[in-house]
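This briefing concerns the packing of secondary-structure elements in one molecular model. Please consult the sequence and the coordinates alongside the points that follow.

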Amino acid sequence: DQVAAAAGGIGLHVIAPYPSVMSSPVRLPQEVIWELESRLVLVYTGERRLSGDVHKKVIADYQARAAGVAEAVDTLKATARRALGALYRQDFAEFAAVMNENDAAQRALHKDVETPQIRHLRGLAQAAGATGFKMNGPGGGGSVTILCAEDRRREVAQAVNDAGGFRLLPFHIDCQGLRVWEPPAATGGPGSARLAMTPDAE
C-alpha cells in the first residue's frame, strides 16, 4: 500500500521476493481515468481496525493450510493482472467482475475479513446500482471501493449516505504520488529536503 501511494497513479506492483517490490506504472488514456473517477465511490465503513491484526489471522490460517486459503491467495494474485487487462480494454463490466472476485477471495482468507457492517454496505450498494465492490487493505473494517454502473454513482452515494454509519470519502486518482524538493534557505544556501504527498494518493 505504501509503495502504491508513493508511486501515485495506477500501477502494477509485484512483490517478489518479499519485501522487495517491482512497480510498473499503468498508462491509461485520460478518458479512462475520468470514467473511473465518475463511477467509483470510496466509503469509510465506520469501523477502525489494525491491519496487522487481520494479517496475523490470515497468515496463521495460511500456514495451517486451512481449507480454501491457498486457493484464495492464488485468486488474489491473478485478479491484479486481470484488472489491468480490463482497464487496458476499457471494459468496465469485466473490471467490476474482477473486483467482485477479488472481494470474494478476500472473504475466503479468514472469517474476520468481512464484518457485518461491510456485508450490509455491499448489499445496499448493489441494490442502488453498484456493479463492483472491493474491501481495501486487509478488510476487517477500514474502507471499501465501489464501482457503480454508468450514471448510477449518485444513487449509490445517496444510498450509502442515507444508511447512516458510513462516510463518503472524496478522492481523485493522483498520478504524481510522492514529491521531494529542496527549497532554498533564507540565506540563499541549500535548504532541507521536504516531502509532500496528496492526502488522497492512496
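Two strands are taken to pair if DSSP finds at least two bridges between them. On that basis, four strands of this predicted model form an open sheet in the order β4-β5-β3-β6, with antiparallel pairing. The points below cover the sheet, the helices that pack on it, and a helix pair.

**The sheet**
- The edges are formed by β4 (130-135) and β6 (167-169), each of which pairs on one side only.
- From one strand to the next, the twist averages 30°.
- Strand β3 (residues 40-44) is joined to β6 by three bridges in the antiparallel sense.
- Val 43 has Leu 168 of β6 as its bridge partner.

**Helices on the sheet**
- Helix α2 (residues 30-39) packs on the sheet and touches β3 and β5 (143-148); the direction of α2 makes about 45° with that of β3.
- Helix α5 (residues 92-109) lies across β4 and β5, and runs at about 40° to β4.

**The α6 and α7 pair**
- Helix α6 (residues 116-128) packs with helix α7 (residues 153-163) at an angle of about 140°, and their axes are 8 Å apart.
- The two helices, α6 and α7, are therefore oblique to each other.
- The crossing in which α6 passes α7 is right-handed.
- On the α6 side, the contact is made by His 120, Leu 121, Leu 124, Ala 125 and Ala 128; α7 contributes Glu 155, Val 156, Ala 159, Val 160 and Ala 163.
- By character, the residues of this contact of α6 with α7 comprise eight nonpolar, one polar and one charged.

Definitions and conventions
Residues numbered from 1 in each chain as written. Predicted model: local features only at pLDDT ≥ 70, side-chain atom pairs only at ≥ 80, totals over all residues. Heavy atoms only, no water. Axes fitted to C-alpha atoms, helices over the stretch in contact; angles between N-to-C directions. Parallel < 35°, antiparallel > 145°, perpendicular 65-115°, else oblique. Left-handed = near helix turned anticlockwise from the far one by under 90°. Contact = heavy atoms within 4.5 Å. Nonpolar A, V, L, I, M, F, W, Y, C, P; charged D, E, K, R; others polar.
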